Amino acid sequence: MESIVFFGKGGIGKSTLASNVSALLAAGGGSVLHVGCDPKMDSTLALMGRHIQPFSDSPGPDPEARLREFIFDAPVKGVRCIEVGGPRPGLGCAGTGIGVMLDAVRDSGLLEKDGYTAAVFDVLGDVVCGGFAAPLRRGFAKKVVIVVSEELLSLYSANKLIKMVENYARNGVYLAGLAVNAKNAAGVRTAAEFAAAVNTRVLAVIPRDPAVAAAERGRVPAVLASPKSPFAAALRGLCAAIRAARPGSSPPRAMSDREFSDFTEGRPPAARPPAPRSVLPAGRSGSSRGLAAAFTRARMKPTGLEGGQIVCEWTVPTSFDWGERGQGPAKGRTSPRGTLKIVIAPAAGSRDGPIRLSDWAVCFYPGQAEHQARGLGEELAAAAAGLAGFKYAELTEYFGRGGDHYAKISSFSERGNQAGPFGTLILPHMRLGQWQRFIFPPGGADLRVPQGAVMVEHGDIECRFSCCDNGALNLFRERPGLAGPGVSSRCPLLPKEEAHVMNTDFGALDAVRGDEALISDSLDRAARLAGPGGLVEFYLSCAPMLLAGDTGRLLERVKEERGVAAVQLGSDSAGLSERPEEEPGAAEPPGNCGSILPGFASAKAEARAAFMARKLAAFKGVKPSVDVNLIGFGDCREELAGLLERSGLTTASPGKDLYASAARGRLAVLPAPDAALCAAFSEAGLKWLVPPAPYGFAGVRAWLDGVLAALGRRTPAAGPAPGAEKERRALALAAGRYRACFVVSSEELEPLAGGTLMGGVPVLPVVLEAGFGADLLVYAPDPAARSAAAAAALGLGRKLGARLRTRFFSAPAQLDALLRRPRAMKLVYSDARLDPRVTGAGRRPFSAALFEPGYDGALETVRRLLELCECDFR
Amino acid sequence: MNATSRADLFPKLFSLPYQLGVYLAVNAVSDAGLVVDGGDCVMPKADFIAGNHDLRSTLLSPYGKHRIVCTMTAPLPQDSNHERKLSSLLAEVAADGGFSAVLVTGLPFFKLAGVDYEGVAAGITKGSPVADVPALSLEAGWLEGYDLALEALVRLLPAPRRRGRRPGKRPRVAVAGYLFDRGERDHTANLAELGRLLALSGLELVSVLPSGVPFRELARGLEADLVVSLPYGRRAAARLAARSGAALLETGLPMGLKGTSAWLAALRRAAGLRGGLPAAVAAEESMAAGEMAPLLDVLAHRGAVFAGDPHLFGAFVPFAGELRLRVPAAALDSGVREKLPVRPPQLLLLRPDMAAAAAAVAALGGYDKPQLLVGNSFAATEGLAPGLPFVELGFPSYGHHCLNDEPFLGFSGARTLAGRLANALRSGNGPR
């Protein structure tokens with residue numbers, strides 16, 4: 001079966017040529033399906049003699065039945081027509097509509113079932129997204145015809161289209177050639193030169209012929225209306241050429257933008273190698289071994305990706321005389337003396353002061369440009385010259401080397417900065433395959449919205465299911481510690497489960513026809529739920545983002561009409577896009593696992609703070625009636641309130657209205673800093689405090705002391721219940737027989753002293769206080785990392801006043817061996833449930849979720865840990 | 001509308017996403033891998049299965065060798081050639097050696113952007129075979145996702161060997177489209193029961209697609225003389241039969257006594273065996289009926305609300321009928337593709353708003369007032385019928401795990417499930 005697709009710049013005559021080709025193919029005795037893939041819906045006009053109803057008018061199940069309903073017999077014998085149609089201009093996604101219809105054609109097997117001998121696809125002028133390339137997917141068009149004129153924009157468009165055809169060559173698609181619809185001989189020459197430049201051929205030159213305009217007025221194909229016209233003769237030639245077209249041994253190759261520019265200025269591009277037969281994935285570069293050697297020779301080590309650019313460590317040659325050139329690298333900007341950070345970037349987007357090589361450039365990392373002046377630029381250029389034979393794509397491929405596809409994923413991610421010096425990677429499903437962490441910082445807190453606020457996630461059902469409690473790896477585990485539920489075995493609920501978090505259930509129809517009505521309606525509903533003066537947080541998730549609707553206008557409307565505050569956050573909420581260049585070291589927000597789980601984006605924090613401050617302002621002048629208001633505490637609230645009361649303080653009962661309760665307290669005590677809440681309290685003139693976490697006897701006392709001091713009380717903090725101290729000593733005696741182990745990366749060493757890494761629970765200090773010994777197993781892939789980690793571990797031990805036994809590993813097998821000794825090391829910290837790395841070594845995993853606050857909680861924590869040490873289940 | 005509550009303004013629909021079905025299919029083939037084109041928001045979805053529903057799942061690994069990986073791509077910033085990046089990653093995964101088959105699918109925004117997954121998958125020619133699962137999240141639900149993922153796996157099976165005639169040998173049967181949603185002993189017991197009953201019926205069960213076995217073992221399905229298409233995998237079964245040239249028989253689930261016997265009889269006929277069911281099968285049915293008879297006093301004339309998938313519902317209603325248990329109301333978590341094999345109950349809700357469904361169930365009165373809730377976890381956690389004794393059945397079952405054999409298909413399954421229903425009614429255990 002002939003399967004032909006016509007592309008070309010808008011208004012160039014594609015539909016005219018396509019419909020006449022359909023008519024000619026049918027005239028030869030064939031059965032032709034003519035498919036109009038242009039939302040203008042005029043492709044079939046000449047064949048049908050009228051407008052026909054488009055397929056997109058009838059969404060619903062049973063696509064084959066719908067398809068047949070919208071296929072029309074044309075007056076032209078042997079031709080049947082279908083128009084895809086599309087949304088109202090400016091709304092929805094026409095490309096999606098094309099994809100949906102073509103999927104229906106293929107899935108139903110309609111072309112084969114109905115015995116078509118040819119299918120002709122007439123596609124919208126410029127291919128603006130993958131949807132318009134749908135006819136090039138497997139099972140559709142084989143031959144591509146690009147219609148061009150002498151106009152540069154037409155040739156520019158054709159050049160882009162050839163790139164598209166290159167991409168789809170894997171599906172057996174090939175460029176049959178160009179149909180030239182030029183005004184004059186000069187135009188034909190230009191088009192022919194273009195054809196030569198891109199290594200294709202001209203199938204036919206279509207003359208300007210009044211017969212065409214006459215036929216179009218009569219809504220009939222010109223080849224039938226005026227079969228003897230020059231146009232008809234040319235079309236017969238075009239038809240024959242298309243039929244005869246076969247994939248060439250040397251496929252066409254699109255020009256680069258630079259080459260095209262040269263071409264337009266009359267400078268034909270230099271001889272270029274032909275394109276490969278098909279553009280199949282590169283996989284591992286064949287030159288990766290050579291590249292590794294080249295990097296070594298250049299004394300460069302890729303350490304991460306930032307904003308699509310490769311960050312490397314570069315060791316300055318020892319021959320370089322630092323003393324003579326200046327004062328050496330700026331303090332804090334480099335690792336050991338002589339090692340600098342550099343950036344390799346695509347040449348087009350490189351930063352200031354780049355040294356251009358190949359299609360990339362190299363420069364010093366921002367903030368280190370002074371080295372250029374010190375003469376190091378020449379050294380860097382000399383070193384990088386050894387890599388000049390490699391393309392930028394090869395360098396990025398190399399970064400994900402090692403046969404480790406998880407590393408590859410990470411290397412593709414802007415945030416997957418594996419060996420990167422910029423903070424800690426937090427996602428437990430990242431950085432896999434080489435060294436998989438044991439500590440997963442918790443997520444989920446961001447799902448909680450302030451009272452009176454409503455979070456609307458404008459997304460599809462997949463977004464709705466982007467968080468789940470208590471899974472195998474607890475990818476989205478509940479927050480342990482003060483804000484969480486403590487030891488919990490609750491089952492996941494149907495998401496989104498929070499009372500004020502909603503999903504709009506964006507669907508296929510919204511995509512094709514536009515989602516304005518859905519957004520508008522959802523915002524209205526959210527505003528009603530929030531009530532006047534409330535806050536609506538609107539998250540635009542990935543699929544609707546592609547529609548690029550005017551959501552700002554809709555938000556303004558709901559603010560005005562409903563009297564709510566509203567803030568919009570986009571894809572950045574998923575944390576996937578590039579971080580701001582000026583903040584390379586900014587701390588990552590915790591728990592970014594879901595599409596609506598942003599880091600505490602500043603816009604959101606500001607909106608929340610302003611909203612909460614307004615709510616609090618309503619209670620201005622209310623006389624405080626209690627000492628302490630515990631805000632944001634989970635199941636441990638009662639225990640902590642009891643401690644405060646035993647210390648002579650009054651506490652507020654949890655009220656329905658957070659803001660009214662807050663206004664009644666002299667001091668608001670929070671479990672952790674909250675960017676919005678703290679700002680709102682400060683703005684409202686309310687006193688707030690985040691005291692040290694009340695875990696372990698010492699921790700509880702410090703927490704109470706902190707609260708009492710903040711209130712200016714001199715009364716002593718409540719101590720443990722009678723007998724508790726005695727029990728603690730007995731438990732410590734038992735705990736002294738055992739050791740607890742922490743498997744960490746070097747970046748995690750310092751945070752072990754506090755609690756931020758483990759949801760606010762200071763696990764290591766509490767373990768030490770309880771009497772357990774502690775081991776650190778530190779991932780250190782090379783001697784330098786080992787030496788740095790050893791120093792950090794020593795510092796940690798000093799800080800905690802404990803001797804921490806530290807050992808190092810660089811591979812899973814080494815870690816496994818270390819986990820198996822010594823025998824006293826019964827406990828290993830892991831946030832993965834029943835972690836087989838731990839149980840396989842005969843140890844017991846434990847996590848922050850086992851830790852309880854308060855004096856009684858401290859004893860219970862030690863009892864739990866001892867139970868784990870002493871249980872003999874496997 | 002004056003409603004201002006969350007439930008009224010933003011109804012929580014009883015529905016599951018397409019990709020969860022794809023994940024379930026991958027979960028059910030022990031060495032299959034899945035690349036999901038999208039951000040890391042796709043990863044926690046695996047938690048709805050691994051560690052919550054299926055305590056034996058290997059989808060996620062503390063060692064880092066997850067069977068589901070994502071490309072960490074988002075709509076913005078746009079990549080100049082996203083497909084090249086995807087291809088490169090797929091090539092890496094296919095060459096990894098840890099997976100015998102690799103599937104690729106994408107988040108809906110990539111479907112909108114027209115990513116050519118089929119072409120990209122076909123372009124991977126080295127290493128393990130790769131197939132695409134269409135990215136249909138915007139228009140299809142979890143059952144379609146499951147079926148299409150199974151179909152993709154069938155496409156990847158090696159070319160079948162020529163099936164020779166085997167005179168005098170038992171006809172070989174492959175069951176395709178079984179919902180093997182976890183590796184616990186409800187499903188392993190179901191499969192053992194099907195194998196046993198087929199053997200009693202003069203048939204040889206050569207393969208169940210899927211059944212937790214490695215990908216290459218699924219190729220045994222291509223040796224079958226008869227492919228039995230269960231409703232969870234109609235497309236996959238049809239593709240399997242088309243590839244091997246075997247006869248294809250579409251059935252429902254073999255649940256209950258009569259349902260199981262009828263199913264076995266249909267299989268025998270389709271396999272070309274003459275005569276009725278062997279006496280041993282009839283004896284099994286009779287024995288099971290005898291054992292279940294004392295439970296009828298507990299179950300008869302009571303009413304159960306069903307909540308779960310439509311295929312399980314289609315099998316459960318006739319079984320309940322055998323027990324004289326009524327099903328006056330049902331909430332289904334997926335649209336119904338096929339005509340339901342049973343007369344719909346008085347209250348049948350498809351992908352309902354859970355709060356509205358609960359209100360409708362609560363409004364059932366008189367002799368229609370239900371006494372029992374049978375369904376998946378969400379039926380209980382979303383309060384479909386608060387206070388009613390609850391029998392957790394289907395996907396997901398977060399509150400009921402099977403360390404011992406607890407089949408629900410075949411004669412053994414009928415006994416076990418009837419026992420669970422009666423025990424729940426007697427003990428009055430309400431939803432958690």
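**Exercise 1. Strand β4 and its neighbours in chain A**

In which sense do strand β3 (residues 72–73) of chain A and β4(A) pair, and over how many bridges? Work from the predicted model, then place β4(A) among its other partners and decide how far it is covered.

*Solution.*

Step 1. Strand β3 of chain A pairs with β4(A) in the antiparallel sense, over 2 bridges. Within this pairing, Phe72(A) has Cys81(A) of β4(A) as its bridge partner.

Step 2. Turn to the connection. The hairpin of β3(A) and β4(A) has 5 residues between the strands, and Gly78(A) adopts a positive phi near 90° there.

Step 3. Consider the other pairing. Strand β2 (residues 32–37) of chain A joins β4(A) in the parallel sense over 5 bridges. Gly36(A) stands opposite Glu83(A) of β4(A).

Step 4. Assess burial, for which a residue needs 20 or more other C-beta atoms within 10 Å of its own. Strand β4 spans residues 79–83 of chain A, and 5 of its 5 residues are buried. One side carries Val79(A), Cys81(A) and Glu83(A), the other Arg80(A) and Ile82(A); both faces are covered.

**Exercise 2. A parallel sheet in chain A**

Determine the strand order of the open sheet that contains β21 to β25 of chain A, identify its edges, and describe the helix lying across it.

*Solution.*

Step 1. The sheet has 5 strands in the order β23-β22-β21-β24-β25 (chain A), with parallel pairing.

Step 2. Its edge strands are β23 (804–809) and β25 (844–846) of chain A, each of which pairs on one side only. On average, neighbouring strands of the sheet are turned by 30° against each other, direction ignored.

Step 3. Examine the pairing at one edge. Strand β24 (residues 825–829) of chain A and β25(A) are parallel and share 3 bridges. In this pair, Val828(A) stands opposite Pro845(A) of β25(A).

Step 4. Add the helix. Helix α31 (residues 812–819) of chain A lies across β21 (739–745), β22 (773–779), β23 and β24 of chain A. Its direction makes an angle of about 150° with β23(A).

**Exercise 3. Domains of chain A**

State the domain bounds of chain A and characterise the contact between domain 3 and domain 4.

*Solution.*

Step 1. The domain assignment gives domain 1 (2–264), domain 2 (288–412), domain 3 (445–599), domain 4 (610–710) and domain 5 (724–870) of chain A.

Step 2. In chain A, domain 3 contributes 13 residues to the contact and domain 4 contributes 14 residues.

Step 3. On the side of domain 3 of chain A that touches domain 4 of chain A, 7 residues are nonpolar, 6 are polar and none is charged.

**Exercise 4. The two chains as wholes**

Describe the overall make-up of chain A and of chain B, and explain whether the radius of gyration of chain B agrees or disagrees with that of a compact globule.

*Solution.*

Step 1. Chain A contains 33 helices and 25 strands. Of its 874 residues, 51% count as buried. Of the contacts in chain A between residues at least 6 apart in sequence, 72% join residues at least 24 apart.

Step 2. Chain B contains 15 helices and 13 strands. Among its 432 residues, 63% count as buried. Residues 24 or more positions apart make up 73% of the contacts in chain B with a separation of 6 or more.

Step 3. The C-alpha trace of chain B spans about 70 × 65 × 35 Å along its principal axes. A compact globule of 432 residues would have a radius of gyration near 22 Å; chain B has 22 Å, and therefore agrees with that expectation.

Conventions
Residues numbered from 1 in each chain as written. Chains lettered and ligands numbered in written order. Predicted model: local features only at pLDDT ≥ 70, side-chain atom pairs only at ≥ 80, totals over all residues. Helix = DSSP H or I, 4+ residues; strand = E, 2+ residues; numbered from the N terminus. Rg over C-alpha atoms; globule rule 2.2 N^0.38 Å. Buried ≥ 20, exposed ≤ 12 C-beta atoms within 10 Å, placed from the backbone. Contact = placed C-beta atoms within 7 Å. Pairing = 2+ DSSP bridges. Axes fitted to C-alpha atoms, helices over the stretch in contact; angles between N-to-C directions. Domains from an automatic or database assignment. Nonpolar A, V, L, I, M, F, W, Y, C, P; charged D, E, K, R; others polar.
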